[in-house]
Amino acid sequence: MTPPHPGPASGSPAAAAPHPSIVPVPAFADNYIWLLRDRSGRRAAVVDPGDAGPVLAALSAQGLSLAAVLVTHHHPDHVGGLPALHEAYPDAVVHGPASSRAEGIDRRWRAGDTVEFDGFDARFEVIEVPGHTLDHVAYYAPRIGDADPRPVLFCGDTLFAGGCGRVFEGTAAQMSASLARLAALPDDTLVYCAHEYTTSNLRFARQVEPGNAALAERERGTAALRAERRPTVPSRLALERATNPFLRADAPGVREAAATRLGRAPADAVEVFAAVRQWKDTFRG
Ligand code: ZN
Ligand code: FE
């Protein structure tokens, strides 16, 4: 039997009701390894298994075997579990970015490719989102199965609930283009990122845009969820567009905040993004 999902109740202003086929496997201090069950309820796919231990425990607790893995980028907290998972489930197919230096990827994909695993009723479109790392990809399924019509996005460390990943390998221009690509997905898209960073992300977002009422409401809802140690992920893409400063270079408040940081009017959306991202890098809330 599958245990009840520990996610937020529907109707929370801070998070979306989770997809019925997807559960979080918490790892390290604040990672989520997402586990997707297939149609039969006997096999699973996992996204970004940084640690094999919690994945193996979740599979055995839920009576599942591992059929597939999706990897978004090469960082150890996303791929560290691959060798041990391969040992336990040698037939599980590991899908990852074509350009990745990560080891243990069986099938490598590029922008526009479609990843399909048998029995999961899901076709994932590969979206290249360089910036956090150069190899980073996101996986987007317009729909998974029949029980829930909402699209699903696995976006690793690119788009976070209320924030975005640090720009380690790419440029600000690459990262802002990558975020714009994700921001163009449908309103109802469930955003499954790889970390529970929402509380601190929103604390920063409030500094950028203190007058944003949707953001204030999201912060209250997030505090309520975290007080009960519930995940704030997934979120809804429309909520990200309304409250996430890294998707809001066009919002007057965000532009103004960037202008204050720069000491002049920003030339374009990339400059707005770069100024806000740099501020966040040194922000101690
Ligand atoms: Zn990362
Ligand atoms: Fe990470």
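Helices and strands here are runs assigned by DSSP, a helix having at least four residues and a strand at least two, and both are numbered from the N terminus. With that in hand, let's walk through this predicted model. Counting such runs, the protein has nine helices and 14 strands. Its radius of gyration is 18 Å, close to the 19 Å that the globule rule gives for 285 residues, so the protein is as compact as a globular protein of that length. If you draw a box along the principal axes, the C-alpha atoms fill roughly 55 × 40 × 30 Å.

How much of the protein is buried? Buried residues make up 54% of the 285 residues. The chain also brings together residues that lie far along the sequence: among contacts between residues at least 6 apart, 61% join residues at least 24 apart. The protein exposes about 12100 Å², and carbon and sulfur atoms supply 50% of that area.

Now let's turn to the metals. Which residues hold the iron ion (ligand 2)? Its protein donors are D77 (OD), H78 (NE2), D157 (OD) and H195 (NE2), at 2.1 to 2.3 Å from the ion. Along the sequence these donor residues follow the spacing D-H-x78-D-x37-H. The angles among the four donor atoms run from 85 to 164 degrees, and the site is irregular. To count as tetrahedral, four donors would need all angles between 85 and 135 degrees. One of the donors, D157, has a second role: D157 bridges the iron ion (ligand 2) and the zinc ion (ligand 1), which lie 3.3 Å apart. Another donor, H78, is buried, because its relative accessibility is 0% and buried means under 20%.

Next, find S178 in helix α4, which spans residues 172-183. S178 is buried too, with a relative accessible area of 0%. Leaving aside residues up to four places away in sequence, S178 touches E128, V129, P130 and T158.

Our last stop is helix α8, residues 252-262, where V254, A257 and A258 are the buried residues. Seen down the axis of α8, these buried residues fall within an arc of 100 degrees, so they line one face of the helix. Why can residues separated in sequence share a face? An α-helix has 3.6 residues a turn, so residues three or four places apart point the same way. On the other side of α8, P252, E256 and T260 are exposed. The cover over the buried residues of α8 includes α5 (198-208) and α9 (269-282). After α8 comes G263, with a positive phi near 80 degrees.

Definitions and conventions. Residues numbered from 1 in each chain as written. Chains lettered and ligands numbered in written order. Predicted model: local features only at pLDDT ≥ 70, side-chain atom pairs only at ≥ 80, totals over all residues. Heavy atoms only, no water. Buried < 20%, exposed > 50% of the residue type's maximum accessible area, 1.4 Å probe, protein only. Arc of directions from axis to C-beta. Contact = heavy atoms within 4.5 Å. Donors = N, O, S within 2.8 Å, 3.2 Å for Na, K, Ca; no water. Tetrahedral: all angles 85-135°; square planar, octahedral: opposite > 155°, others 65-115°. Rg over C-alpha atoms; globule rule 2.2 N^0.38 Å. Areas by Shrake-Rupley, 256 points an atom, 1.4 Å probe, with all protein chains shown as cover.
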